[in-house]
Amino acid sequence: MRVEDRAGVFWRWWTAGTTSLVGSAVGSVALPLTALTVLDASAFQMGVIAAASYVAWIVIGLPAGVIVQRLPLRGAQVGADLARAVAVASIPLAWWWGHLTVAHLVVTALVVSFANVLFDVANSTFLPSIVDREQLQSRNSLTSATHAATQLSGPSLGGLAVQALGPVPTLLVDSASYLVSAALLRTLPASRVDVPERWPPIGELIREGWRFVVHHPVVGPSMWAATAMNFACGAQYALFPLYLVRELHTPAGLVGLLIAIEGVGALVGAALTPRITTRIGTARALIAAGFTTVAGAFLIPGGTGWLAYAAFAVGSIIFSLGTVVLSVTTRTYRQIASPPDLLSRVMATVRFVSWGAIPVGGLVAGTLAGPLGARATLFVFAATLACAPLVLLFSPVRHLRDLTDHDRDEAGSARQTTTGPTEKMAARARR
């Protein structure tokens with residue numbers, strides 16, 4: 001594919017994702033407000049809804065890599081978009097017919113969750129096929145910056161739309177965005193891994209991806225750090241609307257603005273990631289990002305009155321900045337270090353573990369928030385977040401400036417010694 005053709009494919013891919021992200025950001029405000037204001041959901045029910053939005057990573061996270069490897073990547077993304085559009089549109093229909101329940105919201109969240117798993121794995125696997133290796137860091141940074149911009153604008157628009165239309169009709173915006181995304185993705189060239197004459201057993205393929213990740217001295221610790229982060233994120237997804245509406249008595253428009261404000265940190269983090277990693281190194285940036293998220297998480301539930309709003313906003317910015325730096329850096333390294341035939345399974349394995357922590361965090365947070373309250377529970381999860389930088393400090397990452405330094409060190413030792421299983425795996429990753 002010519003350079004100009006690859007650029008055109010990328011920008012159509014990017015436009016599809018951006019459209020979908022804006023709709024999802026609007027829905028991220030409308031759905032919990034539907035549960036809280038229309039159905040009067042309890043703290044535990046809010047936790048269940050948040051958990052249902054990510055539980056698919058636990059259920060099909062590992063086999064998702066194998067499934068995606070056997071499907072046309074474009075077709076997997078388009079099918080997932082259509083499934084999400086139908087699921088979200090069912091909420092306004094049920095409401096208009098007078099049959100909307102919390103159980104319906106949970107089922108919808110489950111359907112969207114399963115579609116998200118297949119879409120995200122296919123999407124991450126598709127990007128390296130349309131972008132040169134030298135551009136991966138910048139393209140991943142652009143993707144994260146776009147996500148940050150939609151986080152900044154989408155929830156604000158969602159809050160205003162909820163005030164003008166009500167939370168349930170606003171969900172139609174989310175549904176429409178998936179349809180637009182599917183139409184754009186349908187114009188991309190089909191791309192898939194070469195199909196062998198006979199596929200190995202699914203269990204063997206899953207285990208191969210799992211072994212690569214957990215035994216890799218860099219990919220493994222990075223995954224566990226992301227898991228600690230996402231555990232705290234799951235609690236935040238479940239508790240932020242509850243904390244803002246029930247404890248701070250925040251108006252709907254301001255709820256959208258405060259939830260959106262983390263987009264400022266994400267946007268800054270995405271813009272600065274290439275500069276930060278170049279200046280201090282990718283490995284050191286990971287550790288610094290881990291401690292940054294801890295500081296932000298402790299600040300979020302602080303203060304009272306208007307100071308509580310300020311603490312929430314500043315803490316969210318700091319937290320999201322650190323999260324984006326870690327996310328962009330580790331995602332780029334995985335795309336470079338993983339063999340092409342393993343990439344979808346590596347992505348699925350990492351997200352199975354790290355994103356699987358999100359629903360667990362949501363359920364635990366919903367359970368604790370009943371007796372402790374949302375504010376105290378947020379402080380508890382901020383303390384658990386300290387595991388993120390600590391796991392990196394107690395790994396080989398601590399001794400590196402850049403993550404790729406490990407690959408060069410392994411290459412040098414491999415030329416002088418007979419390779420064992422771990423060295424063979426690292427050598428294979430470099431090919």
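Start by selecting Ser20, which lies in helix α1, residues 3-38. The model on screen is a predicted one. Is Ser20 buried or exposed? Ser20 is buried, because its relative accessible area is 7% and anything under 20% counts as buried. Now show the neighbours of Ser20. Leaving aside residues up to four places away in sequence, Ser20 touches Asp81, Arg84, Ser177, Tyr178 and Ser181.

**The whole chain**

Zoom out and colour by secondary structure. The protein has 19 helices and zero strands. Of its 431 residues, 56% count as buried. Among contacts with a separation of 6 or more, 87% are between residues 24 or more positions apart.

**Helix α4 and Val88**

Next select Val88, found in helix α4, residues 73-96. With a relative accessibility of 5%, Val88 counts as buried. Which residues does Val88 touch, not counting those up to four places away in sequence? They are Thr108, Val112, Leu171, Asp174, Ser175 and Tyr178. Tyr178 was also on the list for Ser20. To see α4 against an earlier part of the chain, draw a line from the C-alpha atom of Val88 to that of Leu31. The two residues are 57 apart along the chain, and their C-alpha atoms are separated by 9.4 Å.

**Two loop residues**

Go to Asp40, in the loop between α1 and α2, where α2 covers residues 43-52. The phi angle of Asp40 is near 55°, a positive value in a residue other than glycine. Asp40 has a relative accessible area of 58% and is exposed.

Then move along to His249, in the loop between α9 and α10. Phi of His249 is likewise positive, near 55°, and this residue too is not a glycine. His249 is exposed, at 60% relative accessibility.

**Helices α10 and α13**

From His249, continue to α10, residues 252-260, and show it together with α13, residues 306-337. Two packed helices are described by the angle between their axes and the distance between the axes. Here the angle is about 35° and the axes are 9 Å apart. The crossing of α10 past α13 is right-handed. Which residues make the contact? On the α10 side they are Leu254, Leu258 and Ile259; on the α13 side they are Trp306, Tyr309, Phe312 and Ala313. Colour these by class: the contact has seven nonpolar residues, with no polar and no charged ones. An α-helix has 3.6 residues a turn, so residues three or four places apart point the same way. To follow this on screen, look at Leu254 and Leu258 in α10, and at Trp306, Tyr309 and Phe312 in α13.

Keep α13 selected and look along its length. Its 32 residues should span 46 Å at 1.5 Å a residue, and its end C-alpha atoms are 47 Å apart, which agrees. The helix is mostly covered, with 23 of its 32 residues buried.

**Helix α14**

Select residues 343-354, which form helix α14. How many of its residues are buried? Twelve of its twelve residues are buried. Among them are Arg345 and Arg351, along with Leu343, Met347 and Phe352. Now show what lies over α14. The elements covering its buried residues include α3 (56-69), α5 (102-130), α8 (202-215), α9 (219-247), α13 and α15 (357-372). For the length of α14, twelve residues at 1.5 Å each should span 16 Å, and the distance between the end C-alpha atoms is 16 Å, in agreement.

**Helix α16 and Ala382**

Select Ala382, in helix α16, residues 374-384. Its relative accessible area is 1%, so Ala382 is buried. Apart from residues up to four places away in sequence, Ala382 touches Val294, Ala297 and Phe298. Add Thr293 to the view: Ala382 and Thr293 are 89 residues apart in sequence and 8.8 Å apart in space, C-alpha to C-alpha.

**Cysteines**

For the last stop, show the cysteines. A disulfide is a covalent bond between the sulfur atoms of two cysteines. How many disulfides are there? The count is zero, taking sulfur atoms within 2.5 Å as the rule. Two cysteines to view here are Cys233, which is buried at a relative accessible area of 8%, and Cys387, which is partly exposed at 46%.

Conventions
Residues are numbered from 1 along each chain as its sequence is written. This is a predicted model: local features need pLDDT of at least 70, side-chain atom pairs count only at pLDDT 80 or more; totals for chains, interfaces and linings use all residues. Side-chain values use heavy atoms; hydrogens and water are left out. Axes are lines fitted to C-alpha atoms, for helices over the stretch in contact, and angles run from 0 to 180 degrees between N-to-C directions. Helices (H or I, at least four residues) and strands (E, at least two) are DSSP runs, numbered from the N terminus. A crossing is left-handed if the near helix is turned anticlockwise from the far one by less than a right angle, and right-handed if clockwise. Contact means heavy atoms within 4.5 Å. Ala, Val, Leu, Ile, Met, Phe, Trp, Tyr, Cys and Pro count as nonpolar, Asp, Glu, Lys and Arg as charged, and the others, Gly among them, as polar. Buried means under 20% relative accessible area, exposed over 50%, partly exposed in between (1.4 Å probe, protein chains only). The expected span of a helix is 1.5 Å times one less than its number of residues.
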